[in-house]
Each structure stands twice: as C-alpha cells, then as structure tokens.
Amino acid sequence: MHGLADISGDDPTELLPPGYRVARWEVVEPIGTGGWATVHAGRLVEGHAEGVPGEESVALKVLPTAGLSPHQARKVADTARREVEFGRGSSHPRLIRLLDTFVLAEPDRPLLDGAIVLVMERAGRSLRDLLDAGVSEAEGARLVTEICEGLAHLHRSGWVHGDLKPDNILLMADGSVKLSDFGLVTQLTGTHGTHGYAPPMGTFDYLPPERWRAPLGEQGVEIRPSADIWALGITIHELFASGASPFPGATPMARGAATQEYADGRAPLRLDGALPPFWRALTADCLAPTHAARAPHTAESLLARVAERTATDVPPFVRASVRRGRRRAASLTLAVCAVGATVWPHVEHDTASGAPSAEPPGRIRVFNAEQSCRGRTDRNADCSLGLAIDPTRPYTVDNVVATRVWHGDELAVDCRLPLGMPIIDEADTHSAAWYRVRLPRGADRTAAWLPAVRTKDRPSVPDCPAPTPTG
Ligand SMILES: Nc1ncnc2c1ncn2[C@@H]1O[C@H](COP(=O)(O)OP(=O)(O)OP(=O)(O)O)[C@@H](O)[C@H]1O
C-alpha cells in the first residue's frame, strides 16, 4: 500500500538493530521496507512456538507510530488492527500466519516507542522477484493455482484482500505460495455479504477501474471480491509478460488513466503477445471492465479452470492413457449414445462394503455450464470436465483424475457427500455437495468425485462414508 511518508528512515537497522529482543523473539537482520513498515528476519530465543519449524524462520514487521501526524498514526493503527484481527481469526496453508503481536514501550527510544510489531511466518522471497526472469507455463499454472487457493479461502471466509500484488504474494523456502500483507483486508458485510468498506488506500497499478471513481463515504470506499480478481488479472499478466502491466503509461497514475479509458470503452484491452492463449483468455476475464462482468469469475471458478486445463495438459505418458480412454469412450459413444455422450460401464465396488455391485444405486448425467460445449459431440478436450480424487480438498491439479467427462455422459453413482469443498461453476452455481461416481474399467482408479454443480440430476442415493485419500 502507499503510505504518506517513509517513516522508517534510510537504514532499517537503526530502527531495530540485530540482537534487539521483543519478548521471546530476537531481530536477526532487515529484510525489506514497505510504505509503513520495516520487516526483519527474526528468531525464537525462548520457549517454543507452535508451527515455527526452524529457529530463524520468522519475520518481524515493525510499524512505527512516532513522529506521525495524528491522521497518519490513525492509518498505521488501522492497518495493524486489520492485520491482527484477520491474522487471529484465520489459518490456511496459503496465508502467512501471524504468530504474535506487541506494542513496544521504549520511552528512551522515541522512534520505537509505541511501534507495533507483528511476528509472522517468514518467506524466502516474493513473486515480484520472479517477474524479470519470467516463468514457464507449467510453473505459472502452479503459482496461479496456489494464489487462487489463498484468494478462494479468503473470499469464502468473507474477506477481501484489498492489496493483492506480486510484492504481497510470498514464496516459501519450498517454493509454495502464501498471501501476505493483510493491512487492507476488509470483511464483507451487506445483506448478502457481498461488499465491505475499505480505507481509500491501495496500490494504483492494481486498483480496478471502479475504485478510481468510488465515492468515499464515512465507512470508506466500497470494495468487493471482484477487486481482488482484477488485481489477480494484472498479476497474471505481469507473471507471463516479464513484469509488464497490460495498461500503457510511464507512471502508475498514467496507467490508472489508461485503465479508465479501457473501462469506458475508449480503448481496447491490449494484452502482451507473450501470454499463452489459455492465460490470455483467463486474464481478460479477470480484467473484465466492470464489477458485474467480473463477478462470475470467482477465485473458485478460476481455480477449477486452471485445474481442468492442467489436467488436459498432462505429460506424454499420461496423455497416452487418456487418449486410450478417449478411444474407448468414443467406441462406447457410437454403440450406446446418439448424442455423443457416454454411458459408463458399472461393475466396480459397492461403497459401503467394498464388494463388487452390479447395479449402482443411481445414475447422473454430466452438465457443462459452458453453453458452447453443450451442443458438441466431438469430445473436444477444451469441453472436458474433471473429476476429483478427494472432494474435501481444493480442486487443484494434483486432485484431478486422468479420466475426463463431457456434457451428457451418464455416470453410475454410489453415494452423495453433502459437505465437501464448495465449488462455483461458470454460471455461478454454488454447491458443496459431490457425487461419488464409478470410473470405467481400465481407469487408474475405481471411483472419483463429480461436483454436484456439474449435473442437474438429483438421484436418490445414500450419503457417502467419509472419503479416503484414494477416493
Ligand atoms: N513474512 C515475510 N517474510 C519475508 N519477507 C516479508 C514478509 N512480509 C513482508 N516481507 C517483505 O518485507 C517488505 C515490506 O513488507 P510489507 O510490504 O508487508 O510492508 P508494507 O509497509 O505493508 O508494504 P507496502 O507499502 O508495499 O504494502 C517486502 O519486501 C516484503 O516482501
């Protein structure tokens, strides 16, 4: 976020020298400086902190309040309050965890007196550090997937990040993504929990067009999850275009003006030629010019799109088995179904007993919310839908079986899981229910899970026992 002044001074070690103790934590060295804060590497020197793996694995974020105008001090305090309130109530593998918070009492060191210290999990670097070199398409897919997992969790829990950008997308030592910097997080309110009110701050390059004109009320400016989706679109563009913004201009203000020209229909969206076709389409959806046009593209639906795309874009040895599966499906199609759909054979296993059962308790037809895919009979890969291995885990690349399904396919169903991972389809239909379906003979497993949003049928089948990781 943009602060009003660099309050930290030129040398962060002047503020918090190595060896400085904050309760059970000790400062090791500075990591970086933001608009309002300096961040230092730190270590635990006393006792034990749950979930802190190594003794040097924390970051101490210091927000000084000394020397600020009352207005600035209020902003810093509000930023810290948001981070703390959010950090205390949330825990997810894709979010940087808050471990401790303090307000320093240092009457003899005026710069530090009253400073707020947040102790957090420490990352190795940020996504910003990857932009110059660029990433491969596969690596980009993994990074975007993990960003979307974090965003989907935030949005599901009723929060908007409000300052998503490569600097706030941190990479852990093992390369995994965690979102950070929750100083502008906003809780969704309103009758349906659709919007909240954020302070009029943020990073110009990542603000959606509607934010430039949003009226500032007593509670702040209105913000919705679609603001994070816009920021995600800019971030994906930067990721595949070596850090370039999709909007022209030498300064953030100029790029902001270009953003508004586009939103007003006075300029087209010009995405960099470096973006591969799938990512062009996805980025364009994230950068839909209005909240209403962007709203169907939720973090959850983007996650499903990337997962499906990655599952079709599999290594050659897996692809061969998928092709074999498709050939088998194609012959069944001819034999059984005049409209290009498949009726899968059903012999595998009875869910409750594990014994083979000839007749499944129910059948469902696959429904594809993409209208353009419904009339097709060619089983085109772009129109295929995935099945999950574990319906309680995020629907990501490593949670999709190799066998694909298409609109109209008829599947044998054993049971229904009412509360799995919530899924939102392209038409914005929500459901946390899943059906356990049998896979055709020869598939690499006997069963998989179809999200209930992918069928219009409601067969009367028993509730499933808790799923095992093998599905
Ligand atoms: N948990 C962390 N682990 C490692 N580095 C971190 C961590 N949190 C922040 N940093 C790094 O410290 C620097 C400043 O942090 P941060 O952006 O949170 O401060 P800020 O004042 O809120 O910044 P901004 O004004 O950009 O929002 C950044 O370079 C960031 O990558």
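The protein chain contains 12 helices and 19 strands, where helices (H or I, at least four residues) and strands (E, at least two) are DSSP runs numbered from the N terminus. The model is a predicted one, in which local features need pLDDT of at least 70 and side-chain atom pairs count only at pLDDT 80 or more, while totals for chains, interfaces and linings use all residues. Residues are numbered from 1 along each chain as its sequence is written.

Of the 471 residues in the protein chain, 43% are buried, a residue being buried if 20 or more other C-beta atoms, placed from the backbone, lie within 10 Å of its own, exposed if 12 or fewer do, and partly exposed in between.

The ligand is surrounded by 24 residues, each with its C-beta atom, placed from the backbone, within 6 Å of the ligand; the closest are Gly32, Gly34, Gly35, Val39 and Ala59. At least two residues of this shell come from each of β2 (25–33), β4 and β6 (116–121), and β2 gives the largest share, with 3 residues. Domain 1 (4–121) and domain 2 (125–324) each provide at least three residues of the shell, the domain bounds coming from an automatic or database domain assignment.

Glu46 is found in the loop between β3 (38–44) and β4 (58–63), and this residue counts as exposed because it has 10 C-beta neighbours inside 10 Å. Although Glu46 and Arg24 are separated by 22 residues in sequence, their C-alpha atoms are 5.1 Å apart in space.
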